[in-house]
Each structure stands twice: as structure tokens, then as C-alpha cells.
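Colleague: Could you take a close look at the nonpolar side chains of this model, in the interior and at the surface, and state your cut-offs as you go?

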Amino acid sequence: MKRISDFVGKYMAWIVLIIAALALFMPGTCLWIQTKWINYLLMIVMFGMGLTMKTSDFAVVFSRPRDVIIGCLAQFAVMPLLAFALGKAFGLSDELLVGVVLVGTCPGGTSSNVITYLSKGDTALSVGMTSINTLLAPVLTPLLTYLYLKISVNVDVKSMFISIIQVVLIPVGLGLLINKLFGKYTQKIVFALPTVSVTAICLIVAAVVSHNSEKILSTGLTIFMIVILHNLLGYLCGFLIGILFRMDMPRKKAVSIEIGMQNSGLATSLASSAFPQMPMATVPGAIFSVWHNISGAVLAGIYRRIDDQSMEE
């Protein structure tokens, strides 16, 4: 099982890409996966995240509050603004704009911690930012979504708030509690979590893509371009913010990755539950889920090659 988990963790980007391509071009193979499963699948991912966390992970919040505050403010300032600006610049329909903005207003994704580790970045800072961003999400995600979209569509803030509590905070909190009480047992199964998480992510992507394959293909390259730009500009802005605040290279990497990689699974879930009359709103989150795993793996390879000392000089 450990070998399988190692393989899945190493080739996660390619596995998700293959599943997405299969669901897009041969949707009949994945239509058995129901979109109503998305929330439950995401809860499994969030529970797994909680199982890997310890209360000591929050220590960085108190030992280096400046770095965490900068990262969290940048997360909820940069990505929503980029999402809205790109959506308007490319003239997206309301449905797709909702999906893109939801990706932007969601907290950083859990995969950012893995990519930061592989990049030789500041993993403790990454975990701290992801944890705090996730705790802030029930308030900030609905609020920012409303502020950006109130002119275009009706945003059910209450529904989004409740959904994030149910899908994110409760599973993460439960996982954290179980790990605290039964740590010696959870550590024996933690190696299997990458396989469980990637399986759940693949099922989410397959469900969304297969049930909307015709609509995705009909959107052309525009939505793909926006998703790619959104992600890459997030990386760039995060790195520039690190330079602006004179962070060392490991922290620059952590902030860059944290801002660029979003919890797109949550965006897909929220699009499905809060905007059921807009099925296309789930598409940007599904595409982002595929793309940011690929770009994150590539970025990790680039960052690993950067000589920290020469860069700081």
C-alpha cells in the first residue's frame, strides 16, 4: 500500500490529467459518478487533511504572525481580484464568471503544502497559511463572492457559509481531534492518505467533467486560458509579494505556491450547492483542479533548482 501511495503522490498530476481527458472525450465512462457525491468526496479529502495536522502546525501563526498575515491577506486579495479581472477581460458569461470567481475566493489548496515541501520551501509557513485560510473561508469566501458578483448574479451567502462549515471545517476539525486523541494509531495509516485524497479528487473531476463535457468543449480555449493565467499570475504575484516584504527564498516559494494553488475542489462543490441553476459554474473549478496540479509539479522542479543563496544575493 505504501508503494501505491508513493506512486500516486509522485504522479498525481498525470493521474488527474488522464482521468479528466477520459471524462471529457469519453464521458460515458464516468457518468456513473454522480455530481451529488462531490460534497462527500471533498469531505473525505478535508478529513484526511485534518488527520495529517497537529496543533503544533499552528505554532507558526504565533511565532511568525507577520508572515502568516501577509500570506493570508495576499491570498484573499490577489486571487479574487485576478479572477474577476480575467473574467471581465475575456467577456465570460455569468455562469463561467461565477465559477472563476469562486476559484479565486476559496482558500489555498492542501496540495500547496506538498508542492512547497517538494520545492524546498518553508513548509511550516505553508501549512500555517493553509490552516488559517481554511478557518477564515466560511466568512471571507461568501463575503468576497458577494462583493464581486452582486452586480451580475444573486449570491446565497448563508448557503455558502453553511456549506463551507459542513464540507471543510467539520471534517478538518474532526480529523485534527482524532489525530490528537489517537495519534499513534493515525500515524500508522497516514501513508495511505495520498491515495485516498487523489482518488477522491479524481472522482470529483470525473463527475464534473463528464456531466458537462459538451459544454466544456463548446466554451473553446477561453476558459482554459483564463484558468491557466489565473494560476500562473497567482504564483507570480505571490513571489513578488515575497520580494516586496524582503522574505528569504523558502518563504517566497511558500507564499507564491500558497497564493497560486487554490482549493478548487471546494469551488466546484460551492458552485454545485450554492448555484444549482448554473451547471457551467462547476467547470472552472474542475479545470483548475487538473491544471494547478500539473503546474505545481513543474514549478516544484523549477524552484528546487534555484540556488537560495545566489538568489538572495
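Modeller: What follows goes from the nonpolar core to the nonpolar surface patch. This is a predicted model, in which local features need pLDDT of at least 70 and side-chain atom pairs count only at pLDDT 80 or more, while totals for chains, interfaces and linings use all residues. Residues are numbered from 1 along each chain as its sequence is written, and side-chain values use heavy atoms, with hydrogens and water left out.

A nonpolar core here is a set of buried Ala, Val, Leu, Ile, Met, Phe, Trp, Tyr and Cys residues joined through side-chain atoms within 4.5 Å, where buried means under 20% relative accessible area, exposed over 50%, and partly exposed in between (1.4 Å probe, protein chains only). The largest such core has 81 residues, and V98, L102, L266 and F275 have the most contacts inside it. Leaving aside residues up to four places away in sequence, L266 touches L42, C106, P107, I164, V167 and V168, a contact being heavy atoms within 4.5 Å. Another core, of ten residues, lies apart from the largest one and includes F239, M249, I257 and Y303.

In soluble globular proteins, nonpolar side chains tend to be buried together. At the surface, however, F7, Y11, W14, L17 and I18 make a nonpolar patch of about 530 Å². Patch residues have over 30% relative accessible area and no salt bridge, and nonpolar side chains (Val, Leu, Ile, Met, Phe, Trp, Tyr) are joined within 5 Å, like charges within 9 Å; a salt bridge is a side-chain nitrogen of Lys or Arg within 4 Å of a carboxyl oxygen of Asp or Glu, and accessible areas come from the Shrake-Rupley method with a 1.4 Å probe. I18 is found in helix α2 and counts as exposed, at 55% relative accessibility.

How values were computed:
Helices (H or I, at least four residues) and strands (E, at least two) are DSSP runs, numbered from the N terminus.
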